Amino acid sequence: QVQLVESGGGLVQAGGSLRLSCAASGSLLRINTMGWYRQAPGKERELVADISSGGDTNYADSVKGRFTISRDNAKRMVYLQMNSLKPEDTAVYYCFGQILRFVWSVPGDYWGQGTQVTVAS
């Protein structure tokens, strides 16, 4: 069984910072892309940022210059440093990983349970 567990969400004032962490655990061979999506009330889930196993990153236009994604492959972790937070960043943030579990299998997408980020104006 593979699990992704997020931590680091919370309530912050506009202009503040938060750091989200996500740890992958369980039996797996390799983690390809990891990243973060978010979903605000009444809106569809959207990609925030992702990072390849080699460190190539991709960001939503709305967070470029404010958020930084990073990962530690040895620890099976991905991080999201969020600076200059805005009320519109309020959402549930979900960690995901494209994970290969067995030699004979294909990579599958795994998701965390989500962590709430609330930015007060």
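In which loop is the place of Phe102? In this predicted model, Phe102 falls in the loop that links β9 (91–100) with β10 (108–111). Together with Leu29, Val103 and Trp104, Phe102 makes a nonpolar surface patch of about 500 Å². The relative accessible area of Phe102 is 31%, and the residue is therefore classed as partly exposed, a class that lies between the limits of 20% and 50%.

Strand β8 (residues 77–82) is mostly covered, with five of its six residues buried. Pairing of β8 involves two strands described here, β3 and β7. Strand β3 (residues 18–26) runs antiparallel to β8 and is joined to it by six bridges. Strand β7 (residues 67–72) also pairs with β8 in the antiparallel sense, over six bridges. Met77 of β8 is a bridge partner in both pairings: Ala23 is matched with Met77, and Asp72 is likewise matched with Met77.

The connections on either side of β8 each contain a residue with an unusual backbone angle, given that most residues other than glycine have a negative phi. Strands β7 and β8 form a hairpin with four residues between them. Arg76, located in the loop between these strands, has a positive phi of about 60 degrees although it is not a glycine. The side of Arg76 open to solvent is limited, as the residue is partly exposed at a relative accessible area of 28%. In the loop between β8 and β9 lies Ser84, whose phi is also positive, near 50 degrees. Ser84 is partly exposed, with a relative accessible area of 40%.

How values were computed. Residues are numbered from 1 along each chain as its sequence is written. This is a predicted model: local features need pLDDT of at least 70, side-chain atom pairs count only at pLDDT 80 or more; totals for chains, interfaces and linings use all residues. Side-chain values use heavy atoms; hydrogens and water are left out. Patches are made of residues with over 30% relative accessible area and no salt bridge: like charges are joined within 9 Å, nonpolar side chains (Val, Leu, Ile, Met, Phe, Trp, Tyr) within 5 Å. Accessible areas come from the Shrake-Rupley method with a 1.4 Å probe; for residues, only the protein chains shown count as cover. A salt bridge is a side-chain nitrogen of Lys or Arg within 4 Å of a carboxyl oxygen of Asp or Glu. Buried means under 20% relative accessible area, exposed over 50%, partly exposed in between (1.4 Å probe, protein chains only). Two strands pair if DSSP finds at least two bridges between them.
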